[in-house]
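Colleague: Please take me through one part closely: the packing inside this model. I would like the core, the rings and any enclosed space in one connected answer.

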Amino acid sequence: MASKIVVWIVSILAVLAVVIGILGYRYVHESLQPYNTADERTVAVKIPIGSSNKEIAAQLEKHKIIRSATVFNYYVKTHNYADFTAGWHSFKPSMSLDQVVAQLQKEGLAAEPKDRIGRILVKEGVTVEDIANSLPSQTKKNKKWDKASFLKLMKDDDFVKAVGKKYPELLKSALAAKNTRYPLEGYLAPATYDIYKDTSLKDFVVMMVHKSQQELAPLYKQIAAKNLTVQQTLTLASLVEREGVKTEDRQKIAGVFFNRLDADMPLQSDISVMYALNEHKTHLTNKDTSVDSPYNLYINKGYGPGPFNNPSLNAVHAVLSPKDRDQGYLYFQADLKTGKIYYSQTYEQHTSTTQDLGQ
């Protein structure tokens, strides 16, 4: 009797498994189809900056572009789709999943054009405070975008940690750094950003960090292969950005910095001193180069706390592809009149060059 009951239970379970399998297959199959092949309406969907694939799928399901967020998320993972962009995207319920994916990979609009109230230019090599100073003149229609509010946000630990959670690979080394003036210094990518009525200061900062993520993600393996962190890479790039103009000079200067690091010498970059002083100077005094600050790389060895500005992608590439390291250059001096940069292997050569240039 007991054996018959067992057989009966097993049979029921087997039937249930088959039924569930059929229903599951049908559900997945149907979920992979367009939401409504007859519906050609255009639906605008906003994808917030930093959204995960799961969050994007939820937005698409909410707006009835796809049938199932769960199935869409699984579909994206199994096909290794990536590079989805934030902003406003136009969809039709009649789109296939491949068409939806293709639309997400296009450049999204920050909002409907009629809602744009201005643009903010973040120049290459500017600091957090430079950006803050430029906001009032670039955002006249939004009085809430003032210098004090921006700098306060830059020091908001909860906000910075939240951004770090959105971009863990990008910001891991930045958040682990000590004594940084602004943890996101170096990660606010130079570009022109469209600002809309519903854009907040937080949105603007995330836009800049997201841009950095897009630019640097393809370089993570190369950075790791050179035994560098993202923070160290951007720190050197921020120095290279301001020390040189031409790509080749930037690469050579990066080579000098790496040679000095290998020789256990301080980098002795004037850019580091001016950041420590929080002041731009054409000539530095001995008092200046002795200022007590972790950012002063005249007296401190290594990379210091972090970046000294927000460098261009060109400067980052220069750091990852330094030139003439085998020449043993440990010094460089720019001719302030012509911009030409001279490189030296010894301090004596460097001093002689400086004297010849009358600097």
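Modeller: What follows starts at the core, moves to the rings and ends at the enclosed space. The model is predicted: local features need pLDDT of at least 70, side-chain atom pairs count only at pLDDT 80 or more, and totals for chains, interfaces and linings use all residues. Numbering runs from 1 along each chain as its sequence is written, and side-chain values use heavy atoms, with hydrogens and water left out.

Start with the largest nonpolar core. A core here is a set of buried Ala, Val, Leu, Ile, Met, Phe, Trp, Tyr and Cys residues joined through side-chain atoms within 4.5 Å. Buried means under 20% relative accessible area, with a 1.4 Å probe and protein chains only. The largest core has 69 residues. F150, L188, F204 and V205 touch the most other members. Helix α9 contributes the most, eight residues; helices are DSSP runs (H or I, at least four residues), numbered from the N terminus.

Now F150 itself. Leaving aside residues up to four places away in sequence, F150 touches V128, I131, A132, L135, L188, L201, F204, V205 and M208. Contact means heavy atoms within 4.5 Å. A second core stands separate, with 19 residues, L60, I65, F91 and L104 among them.

F150 also belongs to a ring cluster. Ring pairs link it with W145, Y193 and F204. Rings of Phe, Tyr and Trp (its six-membered ring) pair if their centres lie within 6.5 Å; planes under 30 degrees apart are stacked, over 60 edge-to-face, the rest tilted. The whole structure holds ten aromatic pairs. In one of them, Y295 and F308 have ring centres 5.7 Å apart and planes at 75°, so the pair is edge-to-face. Both residues sit in the loop between α14 and α15, 13 residues apart. Y295 and F308 are both buried.

Last, the enclosed space. There are two cavities of 30 Å³ or more. A cavity is a set of points on a 1 Å grid over the protein atoms alone where a 1.4 Å probe fits but cannot get out; lining residues have an atom within 4 Å of a point. The largest cavity has about 80 Å³ of space. Its lining is G186, Y187, A189, P190, S212, E215, L216, L234, P311, S312, L313 and V316. Helices α9 (201-216) and α15 (313-320) each give two or more of these. The largest share, three residues, comes from α9. By class, the lining has eight nonpolar, three polar and one charged residues. Pro counts as nonpolar in this scheme, and Gly as polar.

Technical notes: 1 Å grid on protein atoms, 1.4 Å probe; cavity = no way out; pocket = protein on both sides within 12 Å on 5 of 7 lines; lining within 4 Å. Points joined across faces, edges and corners; volume = space filled by probe spheres on them. Buried < 20%, exposed > 50% of the residue type's maximum accessible area, 1.4 Å probe, protein only.
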